[in-house]
Amino acid sequence: MSATIIDGKAIAETVRGEAADRAAALEAATGVKPGLAVVLVGNDPASEVYVRNKARLTVAAGMASFEHKLRANTSEADLIALVERLNADPLVHGILVQMPLPGHIDSDRVVLAIDPAKDVDGLTPANAGRLVLGRGGLVPCTPQGCIILAKHALGPDLAGKEALVIGRSILVGKPVALLLQAESCTVTMAHSKTHDLAGHCRRADILVAAVGRPEMVKGDWIKPGAVVIDVGINRIAQEGGKTRLVGDVAYEEAREVAGAITPVPGGVGPMTIACLLQNTVTAAEAQVRPGA
Ligand SMILES: NC(=O)C1=CN([C@@H]2O[C@H](COP(=O)(O)OP(=O)(O)OC[C@H]3O[C@@H](n4cnc5c(N)ncnc54)[C@H](OP(=O)(O)O)[C@@H]3O)[C@@H](O)[C@H]2O)C=CC1
Ligand SMILES: Nc1nc(=O)c2c([nH]1)NC[C@@H]1CN(c3ccc(C(=O)N[C@@H](CCC(=O)O)C(=O)O)cc3)C=[N+]21
Ligand SMILES: [Mg+2]
């Protein structure tokens with residue numbers, strides 16, 4: 001058997017189209033164009049690609065894009081001062097501070113400075129708390145994208161599925177586990193201290209890998225017919241000094257066993273950007289018409 005390839009690129013295009021329609025409707029009704037500010041500290045090459053893609057697609061969706069590239073030695077105080085200016089800027093409805101931040105900056109303090117109404121990454125305690133409580137708020141983008149892709153493979157009803165999430169970060173692992181739980185999946189969360197990871201994987205109908213270790217999940221760890229959502233974005237060296245992007249799943253092996261699988265690139269990555277644009281419109285709508 002060979003897995004269905006879940007076309008994240010095409011699905012993301014549809015989601016971006018919906019965001020563009022909502023942005024145009026908001027601007028027509030209120031004169032307000034949704035604006036997204038992205039803050040990048042230092043020059044991590046993978047982050048720079050992400051920031052460039054985001055800026056291009058934000059403008060293509062009819063929204064305003066503001067990029068702030070700060071030197072790697074920027075102080076925490078200066079970064080927080082920028083976040084506070086963006087909080088107060090009426091042209092900015094969404095703020096994304098690219099992680100990871102350089103080691104001398106406490107990312108918790110930076111995230112706490114972001115106005116929860118503009119927190120399109122869903123990282124602030126206010127939004128993370130609402131997610132735990134099941135009370136709306138801005139939901140992290142990559143986890144939203146994972147759910148949309150899983151539903152493309154399995155249909156809208158995920159109830160009763162065994163789901164395994166590898167990784168427990170605030171940005172991906174924890175929120176994707178909460179969203180799967182809200183879909184009535186039976187969720188297991190694995191991490192670096194998990195015993196017999198392969199055994200846990202073999203029970204999963206839905207396997208989400210968000211680890212950051214190139215091709216760690218092997219083909220024979222996958223339950224035949226399972227849906228595999230590969231969040232990992234790992235740049236590995238190739239012959240000739242070039243680099244190549246691979247996920248956390250050994251794709252060629254896994255596609256022989258899985259029922260459906262997301263490729264890297266072209267899977268979860270484009271969905272993250274599409275959901276970021278959706279969150280930016282959602283944030284703008286709430287800021288323009290509070291309580292609506
Ligand atoms: N496609 C996209 O849009 C996005 C992709 N990413 C990518 O997803 C990956 C994960 O990102 P992120 O969550 O931020 O990463 P983090 O480094 O914050 O978290 C990694 C998680 O993986 C766990 N882990 C590490 N090693 C193992 C192991 N050997 N076995 C089991 N679990 C392990 C860690 O466990 P512990 O908690 O015990 O340390 C941790 O919970 C990265 O490759 C990143 O680039 C991230 C965001 C968006
Ligand atoms: N505060 C914060 N929020 C994030 O959501 C966040 C972050 N920090 N730090 C870094 C990770 C990584 N991440 C990616 C998103 C999209 C692609 C993406 O668009 N990938 C495409 C293109 C890759 C390419 O151009 O080669 C693909 O996979 O097809 C990649 C990586 C978001 N992250
Ligand atoms: Mg992280």
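These are my notebook entries on a sheet, a ligand shell and two residues that I looked up in a predicted model.

**Entry on the sheet.** I began with the strands, and I found that 3 of them form an open sheet in the order E3-E2-E4, with parallel pairing. Strand E3 (64-70) and strand E4 (94-97) stand at the edges and have a single partner strand each, so one side of each is left without a neighbour in the sheet. From one strand to the next, I noted a twist that averages 15°. I then looked at strand E2 (residues 35-41), which pairs with E4 in the parallel sense over 4 bridges, and I wrote down that leucine 36 has glycine 94 in E4 as its bridge partner.

**Entry on ligand 1.** Around ligand 1 I found 25 residues, of which Gly167, Ser169, Ser192, Gly212 and Thr272 come nearest. Sorted by class, the shell holds 12 polar, 10 nonpolar and 3 charged residues, and helix H10 (residues 268-288) gives the largest share of it, 3 residues.

**Entry on the record.** I checked UniProt, where an unreviewed entry lists Gly167, Arg168, Ser169 and Ile233 under "binding site", and I followed up two of these positions.

Glycine 167 sits in the loop between strand E5 (162-166) and helix H7 (173-182). I count this glycine 167 as buried because 23 other C-beta atoms lie within 10 Å, where 20 or more are needed. Setting aside its neighbours within four places in sequence, I found glycine 167 in contact with Val172, Gly173, His191, Ala210 and Val211.

Isoleucine 233 lies in the loop between strand E8 (227-230) and strand E9 (234-237), and isoleucine 233 is buried, with 22 other C-beta atoms within 10 Å.

Methods. Residues numbered from 1 in each chain as written. Chains lettered and ligands numbered in written order. Predicted model: local features only at pLDDT ≥ 70, side-chain atom pairs only at ≥ 80, totals over all residues. Pairing = 2+ DSSP bridges. Helix = DSSP H or I, 4+ residues; strand = E, 2+ residues; numbered from the N terminus. Axes fitted to C-alpha atoms, helices over the stretch in contact; angles between N-to-C directions. Near = placed C-beta within 6 Å. Nonpolar A, V, L, I, M, F, W, Y, C, P; charged D, E, K, R; others polar. UniProt positions renumbered as here; feature names shortened; annotations may be inferred. Buried ≥ 20, exposed ≤ 12 C-beta atoms within 10 Å, placed from the backbone. Contact = placed C-beta atoms within 7 Å.
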